[in-house]
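Hello,

Here is the structure I promised to pass on. Please open it first, then read the notes below.

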Amino acid sequence: MAAISLGPSPARRDTLAKRIRLLVAATITYNVIEAIVAITAGTIASSTALVGFGLDSVIEVSSAAAVAWQFSARDHAVREAREKTTLRIIAVSFFALAAYVSVDAVRALAGTGAAEPSVPGIAIAALSMAIMPFLSAAQRRAGGELGSVSAVADSKQTLLCTYLSAVLLIGLILNATLGWSWADPVAALVIAVIAIKEGREAWQGKGCCAPTAGAVAPAAGAEAGACACPPGCACCS
């Protein structure tokens, strides 16, 4: 007969909440640095893609700050009460990101100005591609185990920054080596579509299956801490 899981213990919940606060703090710190470098380098090189990437970092900070506000509460019940507001802030951040990327991509495709090559821009994009996946994965695991939709949604925004970093890096390299200025805005439009999808899911409260008192524990031999949510749950994907 399957055992009944009551979800993480209070002590484990406190540990996971502390871990999420640390990850969010790291994300905010890095994104502030990323925004300063990208916007400065973009202004010097007249690169709308770099400036847009820097503004995306500002949006990332607002999303991470919303989760930090939620998890600043020590009481689990208070954190749950803040969940919906946090999700709405994250959703709006996704929509704002999609809107800016779309406008910036259309402007670039319309040929509003050629950007100069930017070595600092290439460096910050490459660094973001190396750092962001690890921050996203760590927060996604902690948020999934805790059953926090907002923490998982914020981890998706961090992962989206990785995609944008890849788009930016490819665009900057192609612009610097081959002069193909159209590659970055085309890929950026694809990222905008993904951002809209993630924003809708965050607004609707989708993205994670919180553990409940009636949840069935994983089968014997399953990995400890493994997700027991139904197929398709974002915490498990």
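**What the model shows**

The accessible surface of the chain comes to about 11,400 Å². Carbon and sulfur atoms account for 69% of that area. Keep in mind that this is a predicted model.

**Overall build**

The chain has 237 residues, and 43% of them count as buried. There are six helices and zero strands. From the N terminus on, the order of elements is therefore α-α-α-α-α-α. Contacts reach across the sequence: among those between residues at least 6 apart, 79% join residues at least 24 apart.

**Helix α1**

Start with α1, which covers residues 10–45 and has 36 residues. From its first C-alpha to its last it reaches 51 Å. At 1.5 Å a residue, 52 Å is expected, so the span is close to that value. S46 follows α1, and its phi is positive, near 55°.

Now look at N31, which is found in α1. Is N31 buried or exposed? N31 is buried, because its relative accessible area is 0%, and the cut-off for buried is under 20%. Its side chain reaches the backbone oxygen of T27 at 2.8 Å. What else does N31 contact, leaving aside its neighbours within four places in sequence? The partners are S57, E60, V61, M132 and C161.

**Helix α3**

S93 is in helix α3. At 5% relative accessibility, S93 counts as buried. Not counting residues up to four places away in sequence, S93 touches I59, S62, S63 and Q157.

L109 is also placed in α3. Its relative accessible area is 43%, so L109 is partly exposed. The range for that label lies between under 20% for buried and over 50% for exposed.

**The nonpolar patch**

L109 has company on the surface. Together with V106, L178, W180, W182, V186 and L189, L109 makes a nonpolar surface patch of about 660 Å². Why can L109 be counted in such a patch? Patch residues need over 30% relative accessible area, and L109 has 43%, so L109 passes that cut-off. Which helices supply at least two residues each? They are α3 (76–109) and α6 (183–203).

**Helix α4**

Last comes α4, which covers residues 119–146. Two of its residues are worth a look.

V119 is placed in this helix. V119 counts as exposed, because its relative accessibility is 66% and exposed means over 50%. Along the chain, V119 and A45 are 74 residues apart. Their C-alpha atoms are separated by 9.7 Å.

A123 is found in α4 too. A123 is partly exposed, with a relative accessible area of 45%. How far apart are the C-alpha atoms of A123 and V37? They are separated by 9.8 Å, and the two residues are 86 apart along the chain. A45 and V37 both lie within the range of α1, residues 10–45. Each pair therefore links a residue of α4 with one of α1 by C-alpha separation.

**Where to look**

If you have a minute, view N31 in α1 and S93 in α3. N31 has a relative accessible area of 0%, and S93 has 5%. Then turn to the patch made by V106, L109, L178, W180, W182, V186 and L189. Finish at V119 in α4, where the C-alpha atom is 9.7 Å from that of A45.

Best wishes

How values were computed
Residues numbered from 1 in each chain as written. Predicted model: local features only at pLDDT ≥ 70, side-chain atom pairs only at ≥ 80, totals over all residues. Heavy atoms only, no water. Patch = residues over 30% accessible without salt bridge, like charges linked within 9 Å, V, L, I, M, F, W, Y side chains within 5 Å. Areas by Shrake-Rupley, 256 points an atom, 1.4 Å probe, with all protein chains shown as cover. Salt bridge = Lys/Arg side-chain N within 4 Å of Asp/Glu carboxyl O. Helix = DSSP H or I, 4+ residues; strand = E, 2+ residues; numbered from the N terminus. Buried < 20%, exposed > 50% of the residue type's maximum accessible area, 1.4 Å probe, protein only. Polar contact = N/O pair within 3.5 Å; in protein donor to acceptor, adjacent residues only side chain to side chain. Contact = heavy atoms within 4.5 Å.
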